Amino acid sequence: MNNIRGERNYRYRVTYQPSSSSTTYNYYGFIPRQVEYPRVAAISCFGPDDTKDKTDLIEGVLKTEPDLIVLSGDHTYFSQGLGFGILETLYTLNRLTRNLPTVVQLDDHDYGTGNIWGAGNGDEESGEGFNRKPVCLVNALEQMTMGHHPDSATDETLDNGIGIYYTNYEYGNVDFAILESRKFKNRDVGDSMLGSAQEDWLRDWCGAKKGKLKVVLTQSPFAQLGVIITRWRKRVGGLVEVGKDKDTNGWPLEGRARFFDIIDGCSNLIIAGDQHLGIAVSYDDYGVMECSSPAAVNDMFWRMNFNELGETHLDRFGHPYRLLNVWNVAEPLYTSYQFPYETRPLGDLVKDSRADGFLVADLSTEFPTCEMHGYRQGQRMIWSTTGETEAPTKAPTKIPTTRAPVTNECSTNTDCGGNSHCALEIEEPWAPLVCCPGLSKISTLVPNTRVCRGQQDVNGVCSHNNFCRSDRCGHHRQHDKTPSYCCEGKIVRVGGVKVCRNSVPRGSFCTDGIVCESGTCISQKCH
């Protein structure tokens, strides 16, 4: 669409009539008049425990009165069903996107893999790293999610035919650079991050329309800001120190250096996501503040940073950053639960403590202001910070004890030396492929896919006893249409439903107290 003027309000209608039907479907929305300097709500990392109902998140975002939405990436972790996962997120966020302009970026999990280096070890435009999904599927998903953006800065494609979408979007007196920091990135060999063509475009963007405020939108932060991470693999457990994480934009070193040379004196704000950590830092060497959104649903990985606020620190690659503020998972949570997914069946109080939330960047202030917001216990601002020197608003938390990681990942049975199956470690579509320590079994939750037996922990999802370490898989509600989880204790069969004993929470339906957490069932409710 052309000739949309920012100083006007518009109403719109999208009409669709299937070729096989006479029914016409209409979708109505509103395009609000642009303000000069918008409030931007940035949301990323939708873990898989909340599906088809994001009401609390939407209400929380709307209460902050944003003018623009940025979906920074990791919209789904259903690597075996990308189309479903991304459509689900778009559908459940439509109360935001139908009436607010929305920028969408795709991150690694949106391409069906955890961590992605688009160029692999090849040429920067080779597309060598996009080897998990067919090119036609990648192009379809990119067109669906980013086809509404202003035209791409180039008509070229990667060598394998995948499209290119980096561009800029002007809103009011702000000019946003929408980067693709995954697509041209080298992993081990080579120094490309943005690729030479995107670097040239970014240089031109910096030199044009200098009267506008310049803001950079990217998938991952330009330093390794997570210091501690929780793993969900049983054989690892607990917390581990993060090594050199080439998944972040702290790598490759030369590509990062070229990026900052380009934006030095051009932009003073970067908005990122990806790391499941709400954090704001200042790269004082360049006069740039970077704010990274927390995970909207933080049940995958808990990254934390316990460094002292207000001080300058070095990341694992030697990049200096001044820590302005950070929203870590609450200590009672990471000391009580080894794995983030254990919190999925729990209530909003727990999920609030795991730092589920979103970022708001207010561009109307003298210096850009970044705010972290929670929504699980009602919308609330956790903290607010600018790039200026300021006193910390909360004390750092003590650094927990860490353990070393272990890995046994594979791609095919051949990688396992013929001694075991290469299968999903646990019965989750986003789980890695590993060499199973024992047998594997076809899953019904992840169709036509083998899963290692006996690897899922207590409260992890399951479809059969064989997948659980406890060898017991049952419901947490007295209803056979609810999800099943690996039970901590025994299984009881009540009303024809296999239920984990003492697992049904207060207020839920029951016919026998043996299923209730409290052990008491009165008038068909657990008390």
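**Worked exercises on a predicted model**

Lys209 is partly exposed, with a relative accessible area of 47%; buried means under 20%, exposed over 50% and partly exposed in between (1.4 Å probe, protein chains only). Residues are numbered from 1 along each chain as its sequence is written, and side-chain values use heavy atoms, with hydrogens and water left out. The model is predicted: local features need pLDDT of at least 70 and side-chain atom pairs count only at pLDDT 80 or more, whereas totals for chains, interfaces and linings use all residues.

**Exercise 1. Backbone geometry**

Determine the sign of phi at Lys209 and at Asn502, and locate both residues.

*Step 1.* Lys209 is not a glycine, yet its phi is positive, about 45°. Lys209 belongs to the loop between helix 5 and strand 8 (helices, H or I, have at least four residues and strands, E, at least two; both are DSSP runs numbered from the N terminus).

*Step 2.* Asn502, also not a glycine, has a positive phi of about 55°. The loop that holds Asn502 runs between strand 28 (497-500) and strand 29 (521-522). With 39% relative accessibility, Asn502 counts as partly exposed.

*Step 3.* A further backbone feature is the cis peptide bond from Trp251 to Pro252, with omega near -5°. Pro252 is placed in the loop between strand 10 (239-241) and helix 6.

**Exercise 2. The sheet and its helices**

Give the strand order of the open sheet of 8 strands, then identify the helices that pack on it.

*Step 1.* The order is 6-7-8-11-13-12-17-16, and the pairing is mixed; two strands pair if DSSP finds at least two bridges between them.

*Step 2.* Strand 6 (167-171) and strand 16 (312-314) are the edge strands, each pairing on one side only. On average, neighbouring strands are turned by 30° against each other, direction ignored.

*Step 3.* Strand 6 and strand 7 (residues 174-178) run antiparallel and are joined by 5 bridges. Tyr169 has Phe176 of strand 7 as its bridge partner.

*Step 4.* Helix 5 (residues 196-207) lies across strand 6, strand 7 and strand 8 (213-217), at about 175° to strand 7. Axes are fitted to C-alpha atoms, for helices over the stretch in contact, and angles run from 0 to 180 degrees between N-to-C directions. Helix 6 (residues 253-263) packs on the sheet and touches strand 8, strand 11 (269-272), strand 12 (278-283) and strand 13 (288-292), its direction making about 135° with that of strand 11.

**Exercise 3. Aromatic contacts**

Classify the pair formed by Phe222 and Phe260, and state which parts of the chain this pair ties together.

*Step 1.* A search of the whole structure finds 14 aromatic pairs. Ring centres of Phe, Tyr and Trp (its six-membered ring) must lie within 6.5 Å; planes under 30 degrees apart are stacked, over 60 edge-to-face and the rest tilted.

*Step 2.* Phe222 and Phe260 are 5.8 Å apart, centre to centre, with 75° between the planes, an edge-to-face pair.

*Step 3.* Phe222 sits in the loop between strand 8 and strand 9 (228-230) and Phe260 in helix 6, so the pair ties together parts that are 38 residues apart in sequence.

*Step 4.* Phe222 is buried at 0% relative accessibility, and Phe260 is buried with a relative accessible area of 0%.

*Step 5.* One aromatic cluster consists of Phe222, Phe259, Phe260, Tyr283 and Tyr286. Not counting residues up to four places away in sequence, Phe259 touches Leu179, Leu194, Leu202, Val216, Phe222 and Ile270; contact means heavy atoms within 4.5 Å.
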